[in-house]
Amino acid sequence: MIRATTGALMGVMTPVLGKLTALLKEYDRLKGLHPRITSLRDELRSIKAALEDLSQLEEPSLQVKEWMNQLRELSYDIQDCIDDFVHGPVQDGAHDGLTSKIAGWLRTIQHYHQIGGNVDKLKERAVEVNDRRKRLKLDVVPSSSSAMAIHPRLSALFEEADRIIGFDGPRDELVNVLVGETDLVQERRVISIVGAGGIGKTTLANQVYKEVKSQFQFAVFASVSRTPDVKKILSGVLLEILDGSNAMSVDDSQRIKEDLSSLKVEYNQLVQKIRENLHNKRYFVLIDDIWSKQAWKDIQCAFPYNNNASWIMTTTRIQEVAESCSFPQVYYVYPMKHLDNDASKRLFLKRIFAHEDDCPFELKDVTYDILKKCDGLPLAIVNMASLLATKPTTKLEWVRVRNSLYSALEQDNELAVVRRILLLSYYDLPCYLKMCLLDLSAFPEDHEIDCERLVWRWAAEGLVVAQQGQNVEEIAEGYFNELINRNMIQSEDINTDGRVTSCRVHDIMLDLLISLSSEENFVAILNSQKCTTSTYKIRRLSLQGNCEEHHMWLNTGNFSHVRSVSVFGDCKRLPPLIGLQTLRVLDAVDCNQLEEDNVYIEDIGSLHQLRYLSLGPLFSRLPREIKNLRLLQTLDLTRADIRELPASIIELHQLVRLFVNVCVKFPSGFSNLRALQELKWFGCDNNSLDVVLELGQLSKLKKLHICWGIFDDTNGDEDRYKKCFLSSLCKLGEGNLQTLHIDGLLRNVDSLIDSWCPPPRHLQDFEIGSISHTIPSWISSLSALMFLCITVEQLEQEDMQVLKDLPALVSLTLEASNSKEVLTINRGGFQCLKQFCFVLRFWASDVGSAPIVDKTRGPNLLFGEGAAPKLEKLSIHCRARDMVSAEGVASNFGISHLASLKQLRVSIACSGARLWEVEATLDAIHNACTLTPNPNLQLETFVFWSEYMAKDEEHKHDTYIAKEDHVVQLQAASSTSPVPDRRVPFTTVKT
């Protein structure tokens, strides 16, 4: 357990040492403080070295735990002291008189004197902590016990098949891949099973292993673990091979076995010996629990590339490792899924009762609650069932267990297995990721967490370790992606370019994080059911739900050392803001009951360390004291009911991100926000012409979301606003503008957009919601443009010529009201495009239209050979009546020419089309998919407006039909499935 504790503690100490070093280098005004700070830093360095030695301990003693707690609190206090010094009182520039300057100097001297006293006290504490370590000999690492705990994962290898539920489908899929492609591909391949700890990777792999091993000449199993002994692993592999081989004499075999037992054989000899025995043999190797790419590299070279249809199967918790194992055939990565509700229930009840029907009816509701907590995680379901199997089968007992799941994770032997499995993933994290992961314990159960919100919070609180050449937000985003990659958190929403935009924490993992957070005094959680505060100073506070019974504590407690306050649900109170002197994050965007009257919003100006502020829907104003938040970087008022920003907001010179709703009125002079890089939203119709012009003076602005409202055009207001708006856009385009989204009813948008000169050279993301007549010709000059979403009235081949040569374009969404010609994409077009959504808009007039008998009709989109070589995701909305030629031949859009296509989604409007035309279109698309190079192409087809299809020829005198049998047939044709007859039935979603 000490590895978890020391890792988080190192995450606190490392930035403190960095701040002390930076303080000594950058501030020449320290003078008398300089030697004292140097001594304090050196003392901490000595303690940190001892802490690294202690990390070798498996389980710390109570003395070690207490010493580490004291060290953690000391580190926090030092960090607060540094921040207080760096961002302490400054002279007020509004008063230039001599008296005011002298008063300011006196305050500064007094502040320095106070800091000096604090440094001395902290130095005394550091010496005391270090002396205690030496006196108690806490850095003497005892020898590890000879009694080794059995790894809980290994029991999965001996699980009886009839006790395993929910794995039949995945097992059959993998077996079909391993034994079904022998005649197609002969080279050695690797299939990787990836998923979170406890999801059943080893169980599934072992079931597959037992099913297929008889079809190979050699079948070998090897377990790796977090800290692999590669020589020992390969020795075990070679022993298995020798046991199953008749190629050498008994004496030679015995001699090699004796050498292996004594570990006399070197790594290169092991590799060579295994390769010799497997040469020209068809083998199957299961390598379980790989944690790093390096471990895979060291092990895989022992297994030769031959042409005997050999396979290696690996299991890992880390997506990046899985892809490395299967490279270059990354479509052989198999992502494990949680059990569905039905399989979870059957697995749970079968472990407790002889038959599912034996479960008493009174336990139905509590069973649902327990399974909801397990959320399809097999390890949690099995161990929860094992725990309840030893308890009385009564509702009272089951409810008691349900309500004590949080503490049972630590105390009960059955659930302790779950904790140990999940802790392995936590142990493997670097210290900076441990800190960020613990921060997720501040969010309630089942809460969907926005990625950018996390990134900004981590940056504001100093959880991100700065690196040269990258800004803090980029590093924090890398942290988030790494947690997704390691399956520590679950992706909830993925945007058009494949990036995860929101996540969720599994309930069992969240319980573990809350437990660790409590041990580390990381977050104090308060709600109507529990209060996880500690005896130490509160550093972070999460208020979840109605905390009325704790309102006295909130009003009288000491929160002067709180760094972040997160508020959720129907919480109605906060600690007094006036006392939160070290607060960096105030996140109340998800609180729908917190009222201004209970917060004393004017006191917000006292939060001098605040860097992140978000407010919920019951806040209707910002006080003028907001100007005192000199360090504020993120201000999120998107959900607040604020209609006008105070004039004092222009004094927030470090504000980087400002998010408001479209109705907000900006003050004159808001161009003084020189650090502003992101602005969402800016409502043009709510602001004066002068303010619209000021928009162009925000020279650092990178991301801008604009809403164009409805103007009273009787006085020519809209034309004047357009001129001012265009002037601002041109200035921003010459600066750093990278993202521009324009929404709302913007009439004559062509004249405005076409007049943009010079074009925005750095633009990467351009989205315009208004309908344009054509695509602006200057878009072809945007060499940095990566994402484009645009709607036009008439789409022509000339428009495709404008877009096809954009060198960086990876995502394109094109919507058109009409297209009179086939839009052809030929060889060389869209070289970098990875995602393309083509939508032909269907208006109400299309529904019920008479059948078209147009001899020139055909598809609106057609890919030629060599077009869009990197396109992975394609979505097309079309009309069935356009898809079949006069000769009765249905188009398939040229899908077979798309070499990299992974996912295809086709939505077909059936109005005015005949049934045979719809079926012919679906068949043509399915047939084309079987000709693509990718064996893992996923196809989704949807049909709609089938009730308005034209009647068949035998009923040609009637206009429309809506027969039930036709509708049923079309619903059967609408599917979400892999292309038939392809032998790799699973897909990889890359984050």
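How many bridges join strand S7 to S8? Select residues 490–494 for S7 in this predicted model, then add S8, residues 500–504. The two strands run antiparallel and are joined by 4 bridges. To find one of the pairings, pick Ile494, whose bridge partner in S8 is Val500.

Keep S8 selected and add strand S6, residues 449–450. S6 also pairs with S8 in the antiparallel sense, here over 2 bridges. Show Asp450 and look across to S8, where Ser502 stands opposite. Now display the surroundings of S8: 4 of its 5 residues are buried, so the strand is largely enclosed by the rest of the structure.

Next, select helix H18, residues 431–439, and helix H20, residues 472–485. Their axes come within 10 Å and cross at roughly 85 degrees. An angle of 65 to 115 degrees counts as roughly perpendicular, and H18 and H20 are therefore described that way. Show side chains at the contact: Tyr432, Leu433, Cys436 and Leu437 from H18, with Tyr479, Glu482 and Leu483 from H20. By class, these residues divide into 6 nonpolar, no polar and 1 charged.

Move on to the largest nonpolar core, which has 134 residues. Select Phe303, Met313, Phe348 and Trp458, the residues with the most contacts inside this core. Centre on Met313 and leave aside residues up to four places away in sequence; its contacts include Leu174, Leu178, Ile191, Ile193, Phe284 and Ile287.

Last stop: another core, of 127 residues, lies apart from the largest one. Phe670, Leu701, Phe725 and Ile925 are among its members and can be selected to locate this second core.

Methods. Residues numbered from 1 in each chain as written. Predicted model: local features only at pLDDT ≥ 70, side-chain atom pairs only at ≥ 80, totals over all residues. Heavy atoms only, no water. Axes fitted to C-alpha atoms, helices over the stretch in contact; angles between N-to-C directions. Parallel < 35°, antiparallel > 145°, perpendicular 65-115°, else oblique. Contact = heavy atoms within 4.5 Å. Nonpolar A, V, L, I, M, F, W, Y, C, P; charged D, E, K, R; others polar. Core = buried A, V, L, I, M, F, W, Y, C linked by side-chain atoms within 4.5 Å. Buried < 20%, exposed > 50% of the residue type's maximum accessible area, 1.4 Å probe, protein only. Pairing = 2+ DSSP bridges.
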